[in-house]
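Visitor: Please pick one part of this protein and look at it closely. I am a first-year student, so give the cut-off for each term when it comes up.

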Amino acid sequence: MTKAEIVAKIADNSGIDRTDVQTVVEKFMEEIKSSLEKGNNVYLRGFGSFIIKKRAEKTGRNISKNTTITIPAHNIPAFKASKVFVEGVKKKVKIKK
């Protein structure tokens, strides 16, 4: 599902104009990004958490030059789904075999 599909679905279900819904969705995403950039996690009860994960320094390999490189420690954004979210998906999604 794309952002445009989410906006369309919310607009259809709520009766709110699509441009207004799109503005709210984009501002919501900007606030999450801004909060993470400032070093703050975002907790949405019943949905999940947008968190910052710390990656330790490690040694990698440049295969084409056959050399080792040091990858410095860094932070990455991550999403951790809530237990309610995970259980809902487990119950409703059927795995194709």
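Guide: What follows sets out the whole chain briefly and then stays with one strand and its surroundings.

This is a predicted model, in which local features need pLDDT of at least 70 and side-chain atom pairs count only at pLDDT 80 or more, while totals for chains, interfaces and linings use all residues. Residues are numbered from 1 along each chain as its sequence is written, and side-chain values use heavy atoms, with hydrogens and water left out.

The protein contains 3 helices and 5 strands; these are DSSP runs, with at least four residues of H or I for a helix and at least two of E for a strand, numbered from the N terminus. Along the sequence their order is α-α-β-β-β-β-β-α. The C-alpha atoms fit in a box of roughly 60 × 40 × 30 Å along the principal axes. The radius of gyration is 19 Å, whereas a compact globule of 97 residues would have one near 13 Å; this radius is taken over C-alpha atoms, and the globule rule is 2.2 Å times the number of residues to the power 0.38. Buried residues are 16% of the 97, where buried means under 20% relative accessible area, exposed over 50% and partly exposed in between, with a 1.4 Å probe and protein chains only. Of the contacts between residues at least 6 apart in sequence, 28% join residues at least 24 apart; a contact means heavy atoms within 4.5 Å.

The part chosen is strand β2, which covers residues 48-55. Ser 49 is found in this strand. Is Ser 49 buried or exposed? Ser 49 counts as buried, because its relative accessibility is 16%. Beyond its neighbours within four places in sequence, Ser 49 is in contact with Val 42, Tyr 43, Ala 78, Phe 79 and Lys 80.

Lys 53 also has its place in strand β2. With a relative accessible area of 39%, Lys 53 is partly exposed. Not counting residues up to four places away in sequence, Lys 53 touches His 74, Asn 75, Ile 76 and Ala 78. Ala 78 is thus on the list for Ser 49 and on the list for Lys 53. Thr 68 is another matter: it is 15 residues from Lys 53 along the chain, and their C-alpha atoms are separated by 24 Å.

Next come the rings. A pair of aromatic rings is described by the distance of the centres and the angle of the planes. Rings of Phe, Tyr and Trp (its six-membered ring) pair if their centres lie within 6.5 Å; planes under 30 degrees apart count as stacked, over 60 as edge-to-face and the rest as tilted. The whole structure holds 4 aromatic pairs. One of them joins Phe 50 and Phe 79, with 5.0 Å centre to centre and 55 degrees between the planes, and it is tilted. Phe 50 lies in strand β2 and Phe 79 in strand β5 (residues 74-81), so this pair ties together parts that are 29 residues apart in sequence.

Phe 79 counts as partly exposed because its relative accessibility is 38%. The ring of Phe 79 also pairs with that of Phe 85: the centres are 6.4 Å apart and the planes are at 65 degrees, so this pair is edge-to-face. Phe 85 is partly exposed too, at 30% relative accessibility. Phe 47, Phe 50, Phe 79 and Phe 85 form one aromatic cluster.

A helix residue gives one more distance to this strand. Val 84 is in helix α3, residues 83-92, and counts as exposed at 61% relative accessibility. Between Val 84 and Gly 48 there are 8.8 Å, C-alpha to C-alpha, for 36 residues of separation in sequence.

Two other residues can be set beside the strand. Ser 35, in helix α2 (residues 18-37), counts as buried at 16% relative accessibility. Apart from neighbours within four places in sequence, Ser 35 is in contact with Asn 40, Asn 41 and Val 42. Val 42 is also among the contacts of Ser 49. Asn 66 sits in the loop between β3 (58-62) and β4 (67-71), and it counts as exposed at 56% relative accessibility. Its phi is near 55 degrees, a positive value in a residue other than glycine.
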